[in-house]
Structures are given as C-alpha cells and as structure tokens.
Amino acid sequence: MKYKDTLNLGKTDFPMRGSLPKTEPVRQQKWYDTNLYQQRLTQNENKPHFNLHDGPPYANGNIHLGHALNKISKDIIVRYKNMAGFYAPYVPGWDTHGLPIEQQLTKAGYDRKSMRKADWRNLAKDFALEQVDKQRNDFKRLGIMADWQNPYITLLPEFEAAQVRVFGEMAGKGYIFKGSKPVYWSWSSESALAEAEIEYHDIDSVSLYYANQVKDGKGVLDNDTYFVVWTTTPFTVTASRGITLGPDMTYAVIQPEGETRNFVIATGRLEAIAPLFGWENYKILATYQGQELDRITAYHPWDSETEELVMNADHVTLDSGTGLVHTAPGFGEDDFNVGMKYGLEAFVTVDEKGYMTKNAGPDFEGKFYDDVVGVVINKLKDAQLFLAKEKITHSYPFDWRTKKPIIWRAVPQWFASVEKFRQNILNELDHVTFYPEWGKKRLYNMIRDRGDWVISRQRVWGVPLPIFYAEDQTPIVDQEIINHVADLFEAHGSNYWFEHEAKDLLPDGYTNEHSPNGQFTKEEDIMDVWFDSGSSWAGVMNTRDHLDYPADLYLEGSDQYRGWFNSSLITSVAATGHAPYKNVLSQGFTLDGKGNKMSKSLGNTISPLDVADKMGIEILRLWTISVDTSQDMPVSNEILKQVSESYRKLRNTLRFLMANTTDYNVITDAVPFADRAGHDQYFSVLLNNFIKDIRQSYDNYQFNDIFKRVINFVNVDLSAFYLDIAKDVVYVEAPTGHARRSMQTVFYETLLALTKLLLPILPHTAEEVWEYLPNETLDFAYLSEMPEVQDLGNVTHLLENWSTFMSLRDAVNKALEEARGVELIGKNAEAALTLYVTSEQKALLQNLNADVRLLLMVSQLYIVDANTATADVKSYDGVLIDVKHAVGGVSPRDRMFHEDLGADEAFPELSQHEADIVREFYPEALTEGFE
RNA sequence: GGGCCUGUAGCUCAGUUGGUUAGAGCACUGUGUUGAUAACGCAGGGGUCACAGGUUCGAGUCCUGUCAGGCCCA
C-alpha cells in the first residue's frame, strides 16, 4: 500500500468552483416550489415580530442595480431576523399608478383622448400588472425570500380603499383644502403636463423693460420713483401682482440726464442696462438693500385698481434683467411661491386654450396669449412706462407631443395642509431611529421647510379624489362620504368612480343644502401617486393581520427622504398621530468605478441580471456587504472581480472544513471545550467572539463590518493559521484519536457557524454546503437557527497568551523566510529551530497547552535559556532565533524530519509515533508493506 | 443657489473623546510548497490621509474656504 493511504486526507465532492450562474436558478426554483418562505415563517409563529415594510418600486422597466441593492439588503435583514428568533414576514410591494405608465401607453400608440377614461385605466392596469410579473421574476432571480404570491399592489381594491380612508381621515380633521397653483399647461393639448412630458427648445422671444410707479413708498421712496422691471413673457403683465427683489442685493435710485423721474435698478445691472434705454449719463441719488424696499407698493402699468407689492426672494439674480422681477403668481412657480408668502392670489388671465380672458381687460380679451406683445407695448407706451424691448434667445419648454410651446398657468388644486400638523410630524421624528444618524436631520429639515402638499393631479391613471361638488360648485369634502366611496372601491375597485355618475357614488338619499335639486358632480382629478405609496402603512401593515403597525424598519435609497419616507410620515401622522416606522435605514446610490453616477447615456451601467448570468448573484450579494451602503457605492467590473476573489476564498475555506469533517459525527465524536487541545481552545474562543461580533453587526445593519470581519477571520485566523497548522494533525494523527477529534470538533463548529452566519448574504452557497452536512437533518439551512454565543468562562489569560504567541510566530516566520532566502531550508519542515527565551516566555509557551513545534510547523524545536545565546544568534522583532537544517531523516508519511526513523522495525521509514498509529489503524500495512 | 452626505495605499474598507514611525483584506512583487492544487503558506514594496489656510505643544481626527463627486430641492 501507499503511505498516503495511512493518512486522513480531506475528502469531499463539494466543487471548488460554484458554477453559480447555472446552479443558482435550480436552487431558487426549489425554494419557491417548496414555499420555503412560508415554511420558515410557520416555524417562527410564536416568536416576537419583526416587520420590515417594503417600499414599492414603480412597476415599469427593467430592474437596475439600485433595485438589486435594495431587495438584497432587505433580504439579508429578513433572513437574518428569521434565523435569529423573530417572526419576520416580508410582503413585497409595487407602485402602479401614475404618469410613466400613461406615457408607456401613449408610446405604444394609444390615444387617451379618443377613449373613455375607464377604458384607458383598464389598459394602464393591464400594463402595470404585466410589469409587476416581469419585475417579480427578476427579483426572484436575486434569491429574495418573500411572499411573492401575495404582494401588495397599489392598484388592488383593498389598497385603494385603505388609501381613500386615510384621505378621509385627513379630510375629517380639516387638513384638505382647495387652492390654486401654477402648473405646466399645454394650451395645444388643453391639459396640465408633468416635467417628463416636456422637452426644451431654443426660441426667440421678446423681452420687455418697463417702469412701475411707486404708490406707497413707506417713507423710503417718493412717488416720483419708478421700479424698472423686466419680463420675458409679456402677456403675464396682465396678471402682474408684484415686483420681486433680492433681499441682499443693492439697488440704486438714479435720475438719468433729461429725465425728471427717478428709477430703481440693481446697481449690479446698471452698466449693462442703462445704454438700452439711452441713459448715457445719470446721477445715483441713493442706494438700498432689497430688504429695505420690502412691501413698498407700486401701480400696475395700466390698471389703476391693482397695486403691485414689492417682495423679497432669493431666486432673483444679476445674470440678466434689472434685478427687479415682474411677478405674476398665476404664471410662474417662483412667482407663486413668493406670492404665497406675501399673501398674493394666483391671478390668471389666460384660458385653457391659450386665449386671454376677461380678467385681462377689454383690450386683451379673446386674443391669443402669444399675439398680445404689441398690445402690451402700446399700453405701456401710452402710460409713458415703456423703456425698451429686446429679442432674446433662450431655452423654452414645449409639449413633447404637440411640439407647441407651453405656459405656466395656475389651475385649481387640492392641497393637504402640512402646516396644520407640521409640529406633530417633527415631534414624531424624535421617536424614530435613523441609520445613518444624519437621516433624521435631513428629514427634519425637509418637513420643516416644505409647503403644503399639492395632492391633486390632472390625470387619469390614479386613485380619484373622493370629492363631490354641489349645484353651486361648493366642494363636498366629508369623511363619511369618503368612507362610503372607500367601501365602493373595496368592492369594485376605483374604476367604479369613472364608470358611474356622482349620484351613484354618493350614499343613498344623500342631500345637501347647496344642491336644492339633488344634483351633484364629482371631482375629476386624481391623487398624487406619492399619496398611494405614502398610504402603504394603511394599505398593507394595517390591512394584513400578520403585519404590525408601526413597522420596525423602512429601508430605501436616500432619495426617499423626499419621497416615501416623507409621504408615509405625513399621511401616518395626519391620520393616526404617529410615525409609521420605528427605524429608518437609508442607502446611497451606486456609482461607477470612478465615482460618477450611472446612466444609460454614459454607458457605465451594470445590470444585476447580467452579473447573475455571468458571475452569479452571490457575487452581487457579497458586493452588497463589501461596501458602505450608507453612502454612495462604487461598482465596476473590476470591483466585482475583486469581490469574486473573496468569494472563492470563502468557498474554498468552507470546502476545506467540509473535507476534513466528513468522518466526524457531531454526537459521538464531539470533544467538550475543556478537554480540547490548547490551539483548539484558542480557536474556539476566536470563533465565539466572531459569532458575537457578526451578530452585533447584523443587529446594527453594519453590512460592510460583517464583510470585513468575515474576510479577516477566514484569511487570517483560519487559512493562514489554524487550518495551516491543522494539516499536521487531521491528516497525520490517528483518525479517531483525541488530537484529531478535538480539532474536528472545532472545525465542525466553525463550518456550521460560518454557513449559518453567511446564509443571509450567500443563501445559495450556504444551502449548497448544507447538502454536504450529513449530521444536519433539516431540509434547508434557512430553517436552522443562528449560532449562539457560548459562555466559555474567563478567557482573558488564554487570549493574552495566544496573542503573545502569535507575535512570536511572526518573528519565527521572518527568521524562516531569511533562512529560505539563503537556501538553508525550503519548506518549514526542513528547519530545526532554536528559540532563546526568557523565563516568562518559557512559562507562556507551557501555558499554551499545545505542541509548539506543531504550531510553528517545523521538524525540530529547541527552547533554551536566553542567556545561553551566543553573539551570532540573530534577533527578530526582539526574539532571539536560530535556524538550522533539521537533522535525521524524512518520513515519507508526514514529510517531517525525525531522529527515530525505524524505531519500529516493521516500519523502517516511519517514526515511532507514526508506526504506532499505522499498527493500530492500518494493520494491513504489516502484511502488505509499503510501495 | 439651498438642505444632507462623501473624498485615507491600485481596489474595498478601519482609524475610539486630536497624542509616538497611519492599519486590514484584496490586488501586486518575490519566494516556498505541490496531501485545500484553476488551491495553500511566508516575506516585501506601496499612502505629503483631495487641496489651502487656521486653532493647538501636537490634526487623518476640530474650524473656515476651495476643488471633485452623489442624493434631494430651487
């Protein structure tokens, strides 16, 4: 026979390489077929709950890296919690209403105007559900454990009904009111547009400079003073209500030569603008800061009934114009915002088709808005207020479908008054824990500074605003009626609203004093989609019995501070007085390898499904924990390659542990901690601490901390030390002997702990390992429990001793490396080592309770008194070490040098110790002999 | 322009309340093994801590500004 046959070399079929792209889908299919998600939950039924509430992705388009990061992160947390003593359901969701889906229909050739709203909505619904299916399949390929059969979808009746009830609750508290606000208005398609429906082109237009005479100078300016304002949209002068100045900008009162009037203009624009008006010489009479002129009033250029208010806002710049901006709150967003602050109305003088209304006055009524420049100029000239006109070329928004220019125009809108409960929201934030901590500040500032929420949209694909109008157009916003509508939606879906008349949507016999004839109409606007997803706490957590409100955790990208974190908080505080979440975890965005954002146009995107196909989703999952997800994360093929190297190291280490525990039985062969060899005890302590640290990192959602610790543990503690010295024990010693069993016990504990601790991150690999563990009887590793931290007693001294030893080992390695350099030895086994030690060092080595020669992997070790060292003994890191070539001969079995080869006459090539093992465990060698 | 955040070796990350020559893993180079072998061990090189000021006896760590990048607003 061969000497090799008397060794216990590792044995396993577990492949070195995972072939992940091929094996993952098969494994996943098994999870989904056996409903592993539900199996695990059922097993946890009586445990405390942990509810991670899913933020719904929008049901449109292919999944990208951001989706993958999000779902993988959630999966890691949910899997961990389920294995760590919690009942942790995960109901995935989809956001299905809104503009992008309508746009997809338009792109596909459908024309919204040519069909009934209800039909258009059915098309949208079908499209959305198809997208849900597609994305669901893609998410499943990421290996996510979720209730895929029962997701929440915002278009489902139960969700819509819950959402409408939230709205009703807010209405009941008086938070819902009607106002007016400028939107992008396309007169060519007679509808409001969203940003996404607009494209920009350069156009030439006429800009006007004119003067507004001071009416009430508040003791600062006299009535002979005129504000020089500028506009690029002449028709809006008909709706002018104010003049906006920069509060910190400087304004001069000047008198041009040949003028008796004084004019106000920003000093920073004086030189550029004065020549336009032919003002070659002028006197500066005074200068003021914008804020000093605040609330002075002026006359409208021709409408003496109307006064214009001087206001201050930061959006005024010195890039162009005069530093004084004509302000028409009905025709611009900045204008509206500053007007709101000063209490101005959003006055509108253009109808939905772009024609001036009677509000504009008789000279304008009936004219197209773009044809009135001449009228405006004439009226200004008549009033002696015209200063100059100028052609400018600038970028202007156009309707992407009709290719016609659009305008800003205020239309009636429904608002949720954030102002009324802003303080409640801010107070609630004190009860929420944010990861990272600055999230609280960010959300707080946003809530503090935001205006009221415009919740209406002039669209079709969404949840209708459950509001009616009486005969005199009085809006009816009534919680009882709204709840009645919610009941109808619960039974029939929200399309019911579009398929029925107002009277069929109101409770039977409903009357209202504003409708003497019993006639009613219904609101045509729908709700902002942020109200949909923002109601998910009600539509999901409060609707499904096995979920809890408030949620333990919301986890999304940091863009959701403005989005879902925000809208959910507002609706929840408004309706219940409480935040919908106890913890909020936000993540950064994926960037390319250079730290720039990923975009299709730059061509630097990475598709998660591509990674799954080429490298395996495990690599992307491992990447997820390798980076700091609290900030932006770089990803590139190079980075993924690096991660896959780490994966291979992990996989190989697991494989080695497996290969050397195949003949180990956890019940009959386990050696208790107290009886283990010193090095095995030491490693048991390292493992125990490792378990403690990793579990803590999971509990704090410190993903990259887990990565760092795992990689270090595997590379440094396991591979470079413990597994390296282990080979001389598990291969060479008696198969059932104490030394080997002691070590195998630790191997097995390590293998099991690593497998379980890694499972939330690398579920495919963990389950694969599980199949090679005959001692484990559960069908899936996912059904097992996380390893617990053991009480190993006081191990302080043990760790101190071993830490000192590890330093000594470093010194020895350097000495051996030097000896290798001068070709004194090749491998360590060729070395005979002499350590010159102090009495403390000697005591320490004895306390290790281990064979130090084995730990240093040399053939011969002599430990002698330090003061016997001769002058030629070298010091390495302060340790006196002498390396010589080993003496005696090499055993072909353990490949070490021995001086007692052939002590057993039957085995002339073996040492006595080896011969004893072979006699006992491989008696056939006595008859067969060795080759 | 505003709110929030980031910038430490080629890469991914650590660097406690400011305190000696700035750490880890990977990658790289050299080398040993060939019984973890499309593996494994050992050793080594590599950083003016984005830049510029300031506070301090002393700053990667605190302050200010600049540059670069990200999210959200305007």
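One aromatic cluster in this predicted model is formed by Trp-187, Phe-235, Phe-331, Tyr-355, Phe-368 and Tyr-369. Across the structure there are 41 aromatic pairs. Allow me to take one of them as an example. A pair of aromatic rings is described by two quantities, the distance of the centres and the angle of the planes. For Trp-94 and Trp-148, the centres are 6.4 Å apart and the planes are at 45 degrees, and the pair is tilted.

Where in the chain do Trp-94 and Trp-148 lie? Trp-94 belongs to strand E2, residues 93–94, whereas Trp-148 is in the loop between helix H5 (117–141) and strand E3 (152–153), so the pair ties together parts that are 54 residues apart in sequence. Are these two residues buried or exposed? Both Trp-94 and Trp-148 are buried.

Aromatic rings also meet charged side chains in this model. The charged end of Lys-81 sits over the ring of Phe-86, at 4.9 Å from the ring centre. Likewise, the charged end of Arg-409 sits over the ring of Trp-185, and here the distance to the centre is 4.7 Å.

I now turn to RNA strand B. There are 55 residues around this strand, and those that come nearest are Arg-442, Gly-595, Ser-626, Asp-632 and Arg-648. By residue class, the surface near the RNA divides into 17 nonpolar, 15 polar and 23 charged residues.

Which parts of the RNA face the protein? Of the RNA atoms within 4 Å of the protein, 80% belong to sugar or phosphate, and the rest to bases. Individual contacts illustrate both kinds. A polar side-chain atom of Arg-655 lies 2.6 Å from a phosphate oxygen of RNA strand B. Lys-727, by contrast, places a polar side-chain atom 3.3 Å from a base nitrogen of the strand. With Arg-893, a backbone N or O atom is 2.9 Å from a base nitrogen.

Four helices give two or more residues each to the surface near RNA strand B: H11 (438–449), H20 (637–659), H22 (703–730) and H25 (796–821). Which of them provides the largest share? Helix H22 does, with 11 residues.

Finally, let us consider one residue of helix H25, namely Asn-801. Its relative accessible area is 18%, and because buried means under 20%, Asn-801 counts as buried. Leaving aside residues up to four places away in sequence, Asn-801 touches Leu-844, Asn-847 and Leu-848.

Definitions and conventions: Residues numbered from 1 in each chain as written. Chains lettered and ligands numbered in written order. Predicted model: local features only at pLDDT ≥ 70, side-chain atom pairs only at ≥ 80, totals over all residues. Heavy atoms only, no water. Near = heavy atom within 4 Å. Polar contact = N/O pair within 3.5 Å; in protein donor to acceptor, adjacent residues only side chain to side chain. Nonpolar A, V, L, I, M, F, W, Y, C, P; charged D, E, K, R; others polar. Buried < 20%, exposed > 50% of the residue type's maximum accessible area, 1.4 Å probe, protein only. Contact = heavy atoms within 4.5 Å. Phe/Tyr/Trp six-rings, centres within 6.5 Å; stacked < 30°, edge-to-face > 60°. Lys NZ or Arg CZ within 6 Å of the ring centre and 35° of its normal.
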